[in-house]
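Subject: Structure handover and notes

Dear colleague,

Please find below the structure I said I would pass on. My notes follow it, arranged by region so that you can read them with the coordinates open.

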Amino acid sequence: MSIRIAIADDHPLVINGIRTMLDNTDIELIAGYPDGTSLLEGLKECVPDVLLLDIQMPGKTGEELIPVLQEFYPELRIIVLTGFDQIFYIKSMIYLGALGYLLKASDKPTMLSAIHTVYAYKEFIDPALKPDLEHAQQNRMPHIQKPMLTPREKEVLKLIAEGLNSQEIADRLFLGLRTIKNYRLSLLFKLDAKNSIILIKKAAEMRLV
């Protein structure tokens with residue numbers, strides 16, 4: 001039985017390259033999507049076992065899509081497929097719910113290993129990134145740069161600062177409660193805050209609200 005995967009990436013060369021890479025393997029590429037909107041539409045018809053998801057795409061970004069996918073397709077295993085090798089992105093994507101983080105420059109054995117590992121519901125981090133990740137964990141430095149927030153995260157942060165709870169924010173934005181909770185957790189992580197009070201304080205200090 002083959003593993004069915006889909007790819008969301010706005011570069012056709014990436015999709016075609018992976019399609020070629022998967023020839024004569026037990027992994028079948030069943031769909032490719034150029035943006036988040038077409039991905040969400042396609043998943044209504046067919047849900048793969050594993051999704052390779054780019055971070056930066058037209059419309060909805062990977063950061064915005066993961067909480068939505070987690071809510072509506074909890075069995076979908078997500079591998080972030082990107083050229084970004086910054087530790088922040090790795091931690092952020094895994095924190096949001098991705099099971100894997102893979103660089104686009106990875107070779108075929110690494111790609112196959114990532115898909116098989118995540119298919120088994122186990123976490124996979126590109127081996128090329130592990131030394132930097134371990135170094136960052138051993139030498140944690142205070143956050144001094146303004147975190148990169150998605151447009152939706154900025155919107156949720158603004159509503160948190162206005163005193164709305166998660167359900168009220170969900171109602172205001174017409175999103176699911178779980179999605180809002182994921183955004184809230186992402187904001188806490190990005191601003192290194194333990195609770196909403198500290199979150200709002202740090203956001204104000206960084207002039208994010």
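With which residue does Lys104 form a salt bridge, and how far apart are the closest N and O atoms? Before I answer, please keep in mind that this is a predicted model. The partner of Lys104 is Asp9, and the closest N and O atoms of this salt bridge are 2.7 Å apart. Since Lys104 sits in the loop between strand E5 (100-103) and H5, while Asp9 belongs to the loop between E1 and H1, the pair ties together parts that are 95 residues apart in sequence. The two residues can also be described by their accessibility: Asp9 is buried, with a relative accessible area of 1%, whereas Lys104 is partly exposed, with a relative accessible area of 31%.

A further residue belongs to this site, namely Asp54, which is placed in the loop between E3 and helix H3 (62-72). Asp54 is buried, its relative accessible area being 5%, and its side chain is joined to that of Lys104 by a polar contact of 3.4 Å. Asp9, Asp54 and Lys104 are thus named together as a network of salt bridges. If neighbours within four places in sequence are left aside, the residues in contact with Asp54 include Asp9, Asp10, Thr82 and Lys104, and also Ala8, Gly62 and Leu81.

The count of salt bridges comes to eight, and two others may be of interest to you. Lys44 forms a salt bridge with Glu41, with the closest N and O atoms 3.2 Å apart; here Lys44 is exposed, with a relative accessible area of 57%, and Glu41 is partly exposed, with a relative accessible area of 46%. Arg152 forms a salt bridge with Glu155, where the corresponding separation of the closest N and O atoms is 3.0 Å. Because Arg152 and Glu155 are three residues apart in helix H7 (residues 151-161), they are separated by about one helical turn, and Glu155 counts as partly exposed at 34% relative accessibility.

Turning to the strands, five of the six residues of E1 are buried, so this strand is largely enclosed by the rest of the structure. E1 pairs with E2 in the parallel sense over six bridges, and the bridge partner of Arg4 in E2 is Glu28. E1 also pairs with E3, again in the parallel sense, over four bridges, with Ile5 standing opposite Val50 in E3. The connection through the helix is described by a right-handed β-α-β unit, which is made by E1, H1 and E2.

That leaves helix H1 (residues 12-21), whose buried residues are Val14, Ile15, Ile18 and Met21. These residues lie on the same side of H1, because they cover an arc of only 125° around the axis. The face of H1 turned away from this buried side carries the exposed residues Pro12, Leu13 and Thr20. Against which elements do the buried residues of H1 pack? They pack against strand E1 (3-8), strand E2 (27-33), strand E3 (50-53) and strand E4 (77-82), and also against helix H5 (108-119).

With best regards

Notes: Residues are numbered from 1 along each chain as its sequence is written. This is a predicted model: local features need pLDDT of at least 70, side-chain atom pairs count only at pLDDT 80 or more; totals for chains, interfaces and linings use all residues. Side-chain values use heavy atoms; hydrogens and water are left out. Buried means under 20% relative accessible area, exposed over 50%, partly exposed in between (1.4 Å probe, protein chains only). Helices (H or I, at least four residues) and strands (E, at least two) are DSSP runs, numbered from the N terminus. The arc is that of the directions from the helix axis to the C-beta atoms. Contact means heavy atoms within 4.5 Å. A polar contact is a pair of N or O atoms within 3.5 Å; within protein, one must be able to donate a hydrogen and the other to accept it, and residues adjacent in sequence count only if both atoms are side-chain atoms. A salt bridge is a side-chain nitrogen of Lys or Arg within 4 Å of a carboxyl oxygen of Asp or Glu. Two strands pair if DSSP finds at least two bridges between them. A crossover is right-handed if, with the strands pointing away from the viewer, the path from the first strand over the helix to the second runs clockwise.
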